[in-house]
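User: I'd like a close look at a single part of this protein: the salt bridges. Could you walk me through them and then set them against the rest of the chain?

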Amino acid sequence: MAEVIENHSSVQEEERSNNMLNIALFCLTVLRKNWRWFLLSVIICLGLAYLYAKRQPRIFRQSATILISEGEPKSNKNRAFNNLQDLSGIAANDNLKDEIFILTSRRLIGRVVDKLKLDVSYNTTMRFTPISLFDDSPIEACFLEPFKGHVMFEAEISGNSVKVDKLRFDGEKTGFQKTVTFGEPFKTPAGIVTLKKTKYTRKYDNKTIRISRSSREDAITRYRGSIGASENDKDANLITISCLDANRGRANKILNTLLDVYKADIVDSKNTSGMKTAEFIDERIALIGSQLSDVERDLVNFKQESNLLDFNLNVTNYLQESTASNQTLLDLETRLAVVSSLRDFIVNSANNEKLIPVLGALGNASMESQINQYNQLMIERNNLLANSDITSPAIVQRDQVLRDMRHTICAGIDSYVNSIRIQLAKARGSDNRLRSQMTNAPQAEIKTLDITRQQKVKEALYTYLLNKREENALQLAINDANVRIVEYPYGVKSPVSPHTGRILLVAFILGLAIPAAIFWFLITMDKTVRGRKDIEDTLSAPILGDIPRWDDERNEKKFLTKEDNGKTISEAFRVLRYNLNMINQEGVIAVTSSTPSQGKSFISRNLAVILAIGGAKTMLIDADIRKNSVSEVLGLKRTTYGLTSYLAKQCEIDDIITKGVAENLDMIPAGVRPPNPAELLMSSRLDTLIKTLREELGYKYIIVDCTPTINVADAGIVNRVADITLYVIRVGAEDRRFLPDLEKLYKDGKFQNMNIVVNDSNAKGQGNYGYGYGYGYGYGYGYGYGYGYGYGNEHKHRTKIGRKIEKFLSIRK
């Protein structure tokens, strides 16, 4: 069982291989037969592709690489902050993606457009190729009015003047035309325009420059689409920026300007924190300065009221002991004031979107680190908000993290305030104990010390704020972007588009595919017989011969003679004669077909000739009395008597026989076309005629050329006298859908001893579907009288050149 399955598989595999081989051979045959069409299609497609590539603008690519610095090295606190970001759904790599988005944002691209005036473009054409101009433009167009609409016009340079023509405004033709000099303002539908010279003006003399101006938003959209940014490496903070543009210098300048704008934007973002800190410090300086003035004024007033100019009391010991206490109270009260002010700033909801001032007097490094992290995240959030909506998921996530950090910072400040207050209470208790020891000191001295201590506190706080303001101003002056340019804009000099090689390759493939698709479509849609295999697959009737195409312009009648001995067509008829002798040595042979243009008359007359050449006495009868095809070809159409005359009892047999058509070959022409051909052929005189020709006149073969079988019954009527029926099937003319009906006719015995003759087969292989015999007549069977039509004039009078052109243009399958 396994061996049977294996054999079956091998047979299927062999069949598949044979099918693939047959398909390949068929494709090669189609290509060989129609190579002119394939060559013409390839030449046309390659020519069109070359013109297409020639007319496309050359696109250049420039690239640059930058490094995004991370700033300060990560500490344990920074790692904790990163963990908090991870819990909130913000990955560390998202920062690089944010920078990529900012780099290609409309806000930054808009600044580039404004700086380089990219809303105005200059183009020209050189050798069918469009050229985009930028720094090398011979003209600089200055539009002196705000943008009103898209404008485009041509400027032809001629010496010191310019001809402005073909102006379009918002896509509509305006008919504007004017000649101006360089630097002369002129009014157009788009506003007042001035054209200025550049150092390249002389180079483009007598050349036409196309100038167009678009809106700022359209320019941003166009150039934003040509700029791309991507991560260079997932493990590195490198970003590669590329720009595609029709002008190499402009692409280079766009990237340089974009990098400058990006760095300036980063510096502005960093300076935002310093500016907010400066505003807070200025407010606190004003407040503390006012409080300090009040304390100093109170001290002066108290001294004046008490008439005390100097306190030279013997309190040396008290002062020495209380110095440390006073210093502690001073530090704690200063720290408490700063922290309380900072908490009031954070608690105020109006400051939720502001940066928290960074003050070094907190005395708590952990809290200062949290504030710095909060400010950094707030800057990132504000940068993202400038390029997106507040409802964006990234903004919502960062707002949530900021709220959590604000609560954490407030909780830390509260805890820190409580700690300061406890320390301050202890310091005051110690100070009170010292004061209790000075009960003998004058009350005025004690009050003076209180006022003096307040004065020192305010002075220390005021001095601290002044120092912080200077530090912040210095930081603003030296602030720099955390971006380093790794590679400045670079690129190859050759354009990256269009890909001429690819275009030509696609055109070449398309040039082969178009005729291949047409031939495939024609073959698929063709329902005619394609060759002997189609006949053998459907019919069980024997095939006696294959008659190939006969292309011989010198023999227009297509009638075999001795001069044709040795030719392929002559040998094919000899093979048909041999196969016919194998079936029957003599008798009546009826030749018919299903429809006109199958070549039955061609087979009839040449089969008669080849039988006669073999030495057999042969009679050719033109029984196609509706068309008289054989009679017309042999020049016997206008004879006085013919078959119809005999059947109508107008003459005898000897009167209708034409002797010596060829050696051993006589013929009975069709005669005059009758009004009742079917009834005439049913006459018993036809049977008498055949009997007389065979028995009395000694004709070994009688070839009867009948009418086609479809639409008329003549062939079936004549077939009663036939011994053998040759049914002619022409390749490329017979409909394959008729073959099952013909098989039924054969099995039902409708025709005597029916055999098949394949006409117009290709002796060199499959794929020939033409009508190569030059006898392309057409039947006109109908109802009533006047059947049939002769050759058309276009066939009769066709010239030799016309036939060659038709042969070249004919599609052979």
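Analyst: Here's a walk through the charged pairs, followed by some other local features and the overall picture.

Keep in mind that this is a predicted model. The salt bridge count comes to 27. As general background, side chains of opposite charge can pair when their charged atoms come close.

Let's start with Arg 250 and Asp 245, whose side chains meet in a salt bridge at 2.7 Å, N to O. Is Arg 250 buried or exposed? Arg 250 is buried, since its relative accessible area is 5%, and the cut-off for buried is under 20%. Asp 245 is buried as well, at 7%. That puts both ends of this pair in the buried class.

Next up is a pair within a helix. Glu 536 forms a salt bridge with Arg 532, and their closest N and O atoms are 2.9 Å apart. Both residues belong to helix H13, which covers residues 532–538, and they sit four residues apart, about one turn of the helix. Glu 536 counts as partly exposed because its relative accessibility is 45%. Arg 532 is partly exposed too, at 33%.

Then there's Asp 735 with Arg 737, another salt bridge with an N to O distance of 2.7 Å. Here the two ends fall in separate classes: Asp 735 is partly exposed, with 24% relative accessible area, whereas Arg 737 is exposed at 58%. Salt bridges can also link up: Arg 106, Asp 114, Arg 216 and Glu 217 are joined into one network by bridges that share partners.

Now for the backbone oddities. Ser 497 and Pro 498 are joined by a cis peptide bond, with omega about 0 degrees. Pro 498 is in the loop that runs between strand E14 (483–490) and helix H12 (500–525). Lys 117, which isn't a glycine, has a positive phi near 55 degrees. Lys 117 is in the loop between helix H5 (106–116) and strand E2 (120–126), and it's exposed, with a relative accessible area of 52%. Asp 760 also has a positive phi, near 65 degrees, in a residue other than glycine. Asp 760, though, lies in strand E22 (residues 754–761) and counts as buried at 0% relative accessibility.

If you'd like some nonpolar contrast, look at the surface patch of about 490 Å² made by Leu 40, Ile 44, Leu 48, Tyr 50 and Leu 51. One of these, Leu 48, lies in helix H2 (residues 35–54) and is exposed, with 55% relative accessible area.

For helix packing, check H14 (residues 568–583) against H15 (residues 600–613): their axes are 9 Å apart, at an angle of about 75 degrees. These two helices are therefore roughly perpendicular to each other. Residues of H14 that meet H15 include Ile 569, Phe 573, Arg 577 and Leu 580. Among their counterparts in H15 are Phe 602, Asn 606, Ile 610 and Ile 613.

Zooming out, the protein chain has 24 helices and 22 strands. Of its 813 residues, 43% count as buried. Among contacts with a separation of 6 or more, 77% come from residues 24 or more positions apart. The accessible surface comes to about 43,100 Å², with 53% of it belonging to carbon and sulfur atoms.

Terms used: Residues numbered from 1 in each chain as written. Predicted model: local features only at pLDDT ≥ 70, side-chain atom pairs only at ≥ 80, totals over all residues. Heavy atoms only, no water. Patch = residues over 30% accessible without salt bridge, like charges linked within 9 Å, V, L, I, M, F, W, Y side chains within 5 Å. Areas by Shrake-Rupley, 256 points an atom, 1.4 Å probe, with all protein chains shown as cover. Salt bridge = Lys/Arg side-chain N within 4 Å of Asp/Glu carboxyl O. Buried < 20%, exposed > 50% of the residue type's maximum accessible area, 1.4 Å probe, protein only. Contact = heavy atoms within 4.5 Å. Axes fitted to C-alpha atoms, helices over the stretch in contact; angles between N-to-C directions. Parallel < 35°, antiparallel > 145°, perpendicular 65-115°, else oblique.
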